[in-house]
Amino acid sequence: MLRSVFQYLSRSDWARSSLSGWGLARRASRRFVAGETLEEATQAVQALNRINLAATLAHLGEEVTMEAEANQARQDCLALLNAMDELQLGAYVSLKLTQIGLAIDFELCMENMLEIARAAAVNDIFIRIDMEDSSTIDQTLSIHYGLRRQGLRDVGLVFQSYLFRSEHDLRSAVEAGIPVRIVKGAYQEPHSVAFRKKSEVDANFDRMAEIALEAARDHGSGSASKNGRKPPQTAIASHDEARIAHAEGYAQEIGLPKSALEFQLLYGIRAELQRALRAKGYPVRVYVPYGAQWYSYLMRRLAERPANLWFFLSNFFRR
Ligand code: FDA
């Protein structure tokens, strides 16, 4: 019930404009968001790199409806890539296609994405296209296909285990050698397209992890790059210890080296688990979001774990 409320709020304009302006809400968001500026974000990544954790930087923003905003998001991403290269960060970039115009015009989004992917290729930095709600998947796959046709191959996709279609999409992606991140999924989806029970989402996650791990073994997937800018072919993104244990166990069973399986977790969530997985010898990457558009991201994190509401509210009442 609370989950659906937060998922609804994440897309509500009135709630966004009421909450985003409150200084106290902004302070509470800092548990999950590295800051509003690029400088704060790069400092957070440097701190992670010092303890041998790689990062993926995500400049927050989504569902833009004006061409100028989409173009500004592209410019911000180009500035981010420059800063990452100058500071030699152990990180790659994650971005959302609706931030660079997917909801406005497919061609606009394609042009913006091409420019970003070309700049990333020059700096040898990988780009991950985050997966948004199910209505955007076909266009996301088309944009990705367009990039590959232009020879831009260091761009990965994300597949969500709560959707019926994801196993099929994942199989096609790994057969084509596309780097994949497997997640449970964070959006409110109709029952016609998504599993309803947590046990079904979890079982599908494990099945999809097996498919991706087998593909990594069969296609001789490379290891994560030493400088943190490129992931191995398969990334398992979850804080769920049972899902992580399943992936670890299956990788061992099929003889996949640890360096070929990357675990990914979100900034501010289960920091001790991030360090424990790294200490076991796996590449670990932390998703570091930053920017002024933190509202929808924060609501999705509250939806995943409504208990975070008490943490959030305690910031309102703390003096
Ligand atoms: P689950 O929600 O079952 O949580 C398992 C345990 O993890 C909880 O019991 C709790 O201990 C802890 N936990 C989980 N969420 C927490 C929170 N918000 N606060 C505190 N503790 C929490 N989704 C998507 O649709 N498209 C995408 O592109 C991505 N990208 C992405 C990248 C990375 C690196 C991660 C880690 C996640 C995503 N996601 C995503 C989000 C993903 O779909 C999912 O919503 C969250 O990871 C939560 O699911 P878990 O697998 O962690 O399990």
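Helices (H or I, at least four residues) and strands (E, at least two) are DSSP runs, numbered from the N terminus. The model is predicted: local features need pLDDT of at least 70, side-chain atom pairs count only at pLDDT 80 or more, and totals for chains, interfaces and linings use all residues. Residues are numbered from 1 along each chain as its sequence is written, and side-chain values use heavy atoms, without hydrogens or water.

**Exercise 1.** Determine which elements supply at least two residues each to the shell around the ligand.

*Solution.* A residue is near the ligand if one of its heavy atoms lies within 4 Å of it. Of the 25 residues around the ligand, those that come nearest are Lys184, Gly185, Ser238, Glu304 and Asn308. At least two shell residues come from each of strand E4 (155-160), strand E5 (180-183), strand E7 (261-266) and helix H12 (295-304). The largest share, three residues, belongs to E7.

**Exercise 2.** State which protein atoms lie opposite the ligand's oxygen and nitrogen atoms in polar contacts.

*Solution.* A polar contact is a pair of N or O atoms within 3.5 Å. A ligand oxygen is 2.7 Å from an N or O atom in the side chain of Ser238. A ligand nitrogen is 3.2 Å from an N or O atom in the side chain of Arg181, and a ligand nitrogen is 3.1 Å from a polar backbone atom of Arg301.

**Exercise 3.** Classify the ring pair of Tyr92 and Phe126.

*Solution.* Rings of Phe, Tyr and Trp (its six-membered ring) pair if their centres lie within 6.5 Å; planes under 30 degrees apart count as stacked, over 60 as edge-to-face and the rest as tilted. This rule gives four aromatic pairs. For Tyr92 and Phe126 the centres are 4.8 Å apart and the planes at 65°, so the pair is edge-to-face.

How values were computed. Polar contact = N/O pair within 3.5 Å; in protein donor to acceptor, adjacent residues only side chain to side chain.
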